[in-house]
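Here is a relaxed walk through one protein chain, meant for someone who hasn't met it before. Have a look at the sequence and the fold, then read on.

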Amino acid sequence: MSKRPSPISATVDFDADGVQHGFLKLPISTDDSAWGAVMIPVTVVKNGDGPTALLTGGNHGDEYEGITALMKLTSSLRAEEVHGRVIIVPMMNTPAAMAGTRTSPMDGGNLNRSFPGDPDGNVTQKIADYFTRVLVPMCDVVLDLHSGGRTLDIIPFGASHVLENPEQQRQALEGAKSFGAPYAMMMFELDAAALFDTVVESQGKVFVATELGGGGTSTPESLAITERGVHNFLIHFGLIDGEVEMPTEPQVYLDMPDASCYVQSEHSGLLELTLALGDVVEKGEVIARVYDMTRSGTPPVEYRAGRSGVLAARRFPAQVHMGDTIAVIAEVVDSLG
Ligand SMILES: [Zn+2]
């Protein structure tokens with residue numbers, strides 16, 4: 001059964017040259033606004049013919065590195081710099097970003113678990129559907145900026161996936177490296193089915209994702225890496241002129257080949273991580289201790305590394321619950337793909 005057209009309408013003309021700032025308007029009817037709309041900011045910068053790049057942040061609402069870098073870019077990118085078209089959506093899940101939360105306060109929706117979406121679904125599913133059927137088909141390359149949000153802190157990396165089409169995989173990997181973060185990675189997804197990534201890749205487009213810090217904030221360092229990376233991405237794919245600027249230290253390549261990279265808590269309590277992000281870890285080494293907070297004098301439960309590598313991600317809050325990811329250990333490799 002064919003789906004009806006998206007209920008979302010854009011206030012910008014995606015085919016017009018110049019810089020336009022507007023909204024993707026999603027009609028909703030609530031107690032506060034009977035004939036209201038969710039207003040998702042969008043900027044289009046177009047200059048003649050050429051490729052189209054879609055730059056997205058705020059797929060998760062508490063990942064501020066991408067949101068902040070793209071908000072800044074919307075005010076600085078000039079049409080005469082661009083060859084082709086750059087579409088910028090700094091906060092894909094605007095209701096979540098406004099609330100400072102990973103998921104939407106309107107329906108509990110996790111946008112990056114809601115693809116391909118549904119024009120007749122809830123607000124989050126309608127946003128996903130609009131990207132799947134309207135924005136992604138317009139573009140050639142997509143950069144989706146993630147970071148750890150409030151509950152994780154992650155080393156900065158550009159990432160791509162193993163794909164069936166070798167040329168598509170090669171282009172995505174080159175894009176991930178050219179982002180110019182200190183690390184580049186081939187990602188293993190715990191559950192890829194409903195990701196934005198999968199929708200973009202299945203339409204044959206080049207998709208690059210990132211992780212760039214976390215903790216529900218940004219730092220001067222994480223923002224500098226993000227802004228440089230967005231700039232590098234646009235240069236690498238021919239949208240703007242310039243030279244890709246790589247880190248001074250050689251980029252470290254990481255692989256996350258399977259689920260054993262993820263260390264998940266089987267206890268609730270107070271978390272002590274014995275390693276910092278980027279530290280080298282040997283298989284069997286103690287990486288974390290979890291203390292029973294209900295009584296003193298109890299020895300902690302120790303968590304050991306299931307593999308050797310570097311600490312690529314860690315839980316950010318000091319309290320941990322059953323099932324939370326405590327740590328992610330990535331393998332250092334000589335080459336990717
Ligand atoms: Zn995210």
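## A first tour

Let's start at Pro-247, which sits in the loop between α6 and β10 (252-255). Helices here are DSSP runs of H or I with at least four residues, strands are runs of E with at least two, and both are numbered from the N terminus. This is a predicted model, so local features need pLDDT of at least 70 and side-chain atom pairs count only at pLDDT 80 or more, while totals for chains, interfaces and linings use all residues. Residues are numbered from 1 along each chain as its sequence is written, and side-chain values use heavy atoms, with hydrogens and water left out.

Is Pro-247 buried or exposed? Pro-247 counts as buried because its relative accessible area is 18%; buried means under 20%, exposed over 50%, and partly exposed in between, using a 1.4 Å probe and protein chains only. Leaving aside neighbours within four places in sequence, Pro-247 is in contact with Gly-180, Ala-181, Pro-182 and Arg-228, where contact means heavy atoms within 4.5 Å. Pro-247 and Ile-154 are 93 residues apart in sequence, and their C-alpha atoms are 18 Å apart in space.

**Two helices**

Next come α6 and α4. Helix α6 covers residues 220-236, and its 17 residues should span 24 Å at 1.5 Å a residue, which agrees with the 24 Å between its end C-alpha atoms. The expected span is 1.5 Å times one less than the number of residues. Its buried residues include Leu-223, Ile-225, Val-230 and Phe-233. After α6 comes Gly-238, with a positive phi near 80°. For background, most residues other than glycine have a negative phi, and most peptide bonds are trans.

Helix α4 (residues 166-178) has 13 residues and reaches 18 Å from its first C-alpha to its last, close to the 18 Å expected at 1.5 Å a residue. Among the buried residues of α4 are Gln-168, Leu-173, Lys-177 and Ser-178. The buried residues of α4 pack against β7, β8 (183-186), α5, β9, α6 and β10.

One link between these helices is Asn-232: Asn-232 belongs to α6, and Ser-178 is one of the residues in contact with Asn-232. The others in that list include Phe-179, Gly-180 and Glu-243, again leaving aside neighbours within four places in sequence.

**Some buried residues, side by side**

| Residue | Place | Relative accessibility |
|---|---|---|
| Asn-232 | helix α6 | 1% |
| Gly-149 | loop between β6 (141-145) and β7 | 1% |
| Asn-93 | loop between β5 and α2 | 0% |

What does Gly-149 touch? Beyond its neighbours within four places in sequence, Gly-149 is in contact with Asp-62, Glu-63, Gly-214, Gly-215 and Gly-216. Asp-62 is 87 residues away from Gly-149 along the chain, yet their C-alpha atoms are separated by 4.9 Å.

Asn-93 touches residues including Gly-58, Asn-59, Arg-102, Thr-124 and Ile-127, not counting those up to four places away in sequence. The C-alpha atoms of Asn-93 and His-236 are separated by 27 Å, with the two positions 143 residues apart along the chain count.

**The nonpolar cores**

A nonpolar core is a set of buried Ala, Val, Leu, Ile, Met, Phe, Trp, Tyr and Cys residues joined through side-chain atoms within 4.5 Å. The largest one has 29 residues, and Phe-14, Leu-54, Phe-131 and Phe-196 have the most contacts inside it. Elements that each supply at least two residues of this core include β2 (18-28), β3 (36-47) and α5 (196-202). Which element gives the most? That is α3, with seven residues.

Leaving aside neighbours within four places in sequence, Phe-131 is in contact with Leu-54, Val-89, Phe-115 and Phe-196, among others. Phe-115 is joined to Pro-116 by a cis peptide bond, with omega about 5°. Pro-116 lies in the loop between α2 (94-99) and α3.

**The largest pocket**

The largest pocket has a volume of about 740 Å³. Of its 32 lining residues, Arg-102, Arg-113, Leu-152, Glu-211 and Tyr-262 are the closest to its centre. A pocket, on a 1 Å grid over the protein atoms alone, is an open set of points where a 1.4 Å probe fits, with protein on both sides within 12 Å along at least five of seven lines; lining residues have an atom within 4 Å of a point. Its volume is the space filled by probe spheres set on the points, which are joined across faces, edges and corners. Elements giving two or more residues to the lining include β7 (152-160), β9 (206-214) and β18 (325-333).
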